[in-house]
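Reader: I'd love some help learning how to read a protein model. Could we go through it feature by feature?

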Amino acid sequence: MESDSEMVPFPLFIESSYRACTIPYRFPSDNPRKATPTEIAWMDTYLNSIPSFKKNAESDTTVNDAPTKAEKFAQRYAELLDDIKKDPESHGGPPDCILLCRLREQVLRELGFRDAFKKIKDEENAKAIYLFPDVVRLNDDIEDEEKRLENLVRGIFAGNLFDLGAAQLAEVFSRDGMPFLASCQNLVPRPWVIDDLDIFKAKWSRKSWKKAIIFVDNSGADVILGILPFARELLKRGTQVVLAANDLPSINDVTYHELVEIISKLKDESGKLIGVDTKNLLIANSGNDLPVIDLTRVSQELAYLASDAELVILEGNGRGIETNLYAQFKCDSIKIGTVKHPEVAQFLGGRLYDCVFKYNEA
């Protein structure tokens, strides 16, 4: 399903209390002409991510003279951040995570970089597709339902560590990769900084949901080894699952078109996902083009599919933590992801790479 029509609000969130950024960068009492300490700290975080973006852009074979244009990107985006530090209201400010991401994407696209992380996404998708049957069988072998659920949730956290938008993770990844099963074992111990897993386990044993919308995040291990085994478990329980993926590429986030291709490779000749029927698995184009999401603007197609959903899951640091952690919904909701930035860890009172599992009933 695709849509290039006008964007609309997501039908299940409570709009009156909605703000698309979790961490306030400034307050009404702050001087509009002077950057706040929080704004400066976040602009430095985005500044620190420039080398990773530049490196991937340099090797983009679809762009003529990519190294020169990658250097231009690095200079232009750094200059934009510097301008906003001097005047927070320049370039459409005051800044928040959505504006800072949008400006970065605009500079990349203006220079011809449509999908600078494509090569690494394809490589990681191929590795994860190869590992998928083993990961699913390991989960299926756990007979205790609650233990299996916790293992699936841990898999989502481990997969979510493949994120090249976070400077430190990008550096670790480029140095030695991120083996998925090792990441599962090395998660920070519970209790996590937000840990509603036990409440959700109790709900899981008593309730099934007619339809679930899952906003997915990154390519590779994240969507294939983290989200898809969990989605498959929901399908086994009779839930219709809608995976909502980005319209356009952004960092290493999986796009709608890529996810369609991934699912087709994972299905067997009878259309099953390792023994589970996929007739109730839908892939939707969210209409989004950033690693964060503003739920006041989604595709009409996703809005239509979501209208009767009973569970909404926002996965990842960008969608589940930095933009929608406190979003309220008319149905049950889960915000799940790993904390990728020291500023988020400090705001939440947790650790870097801590885990967030926030469950709210309707």
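Reader: Let me begin with the sheet: which residue stands opposite V356 in strand 9?

Author: Happy to help, and please keep in mind that this is a predicted model. The residue opposite V356 of strand 9 is I194. Strand 1 and strand 9 (residues 355-360) run parallel and are joined by two bridges.

Reader: What is the order of the strands in the open sheet?

Author: The seven strands follow the order 1-9-8-7-2-3-6, and their pairing is mixed. At the edges are strand 1 (194-195) and strand 6 (281-285), each of which pairs on one side only.

Reader: Which strands does helix 6 lie across?

Author: Helix 6 (residues 145-160) lies across strand 7 (311-315), strand 8 (332-338) and strand 9, and runs at about 45° to strand 8. Helix 9 (residues 197-206) also packs on the sheet, where it touches strand 1, strand 8 and strand 9. The direction of helix 9 makes about 45° with that of strand 9.

Reader: How should I describe two helices that pack on each other?

Author: Two numbers describe a packed pair: the angle between the axes and the distance between them. For helix 6 and helix 9, the axes cross at roughly 130° and come within 10 Å. The two helices are therefore oblique to each other, and their crossing is right-handed. Helix 6 contributes E145, E146, L149, E150 and V153 to the contact, while helix 9 contributes L197, F200, K201, W204 and S205. By class, these residues are five nonpolar, one polar and four charged.

Reader: Now a second pair: at what angle do helix 5 and helix 10 pack?

Author: Helix 5 (residues 118-140) packs against helix 10 (residues 221-236) at an angle of about 40°, with the axes 9 Å apart. That angle makes helix 5 oblique to helix 10. The crossing here is right-handed. Among the residues making the contact are I129, F132 and V136 of helix 5, and L225, L228 and R232 of helix 10. The whole contact has eleven nonpolar, two polar and four charged residues.

Reader: Finally, a single residue: is E39 buried or exposed?

Author: A residue counts as buried when its relative accessible area is under 20%. E39 has 1% relative accessibility, so E39 is buried. This residue lies in helix 1 (residues 37-48). Beyond its neighbours within four places in sequence, E39 is in contact with Y25, R26, K34, P88, P94 and P95.

Conventions:
Residues are numbered from 1 along each chain as its sequence is written. This is a predicted model: local features need pLDDT of at least 70, side-chain atom pairs count only at pLDDT 80 or more; totals for chains, interfaces and linings use all residues. Side-chain values use heavy atoms; hydrogens and water are left out. Axes are lines fitted to C-alpha atoms, for helices over the stretch in contact, and angles run from 0 to 180 degrees between N-to-C directions. Helices (H or I, at least four residues) and strands (E, at least two) are DSSP runs, numbered from the N terminus. Angles under 35 degrees count as roughly parallel, over 145 as roughly antiparallel, 65 to 115 as roughly perpendicular and the rest as oblique. A crossing is left-handed if the near helix is turned anticlockwise from the far one by less than a right angle, and right-handed if clockwise. Contact means heavy atoms within 4.5 Å. Ala, Val, Leu, Ile, Met, Phe, Trp, Tyr, Cys and Pro count as nonpolar, Asp, Glu, Lys and Arg as charged, and the others, Gly among them, as polar. Two strands pair if DSSP finds at least two bridges between them. Buried means under 20% relative accessible area, exposed over 50%, partly exposed in between (1.4 Å probe, protein chains only).
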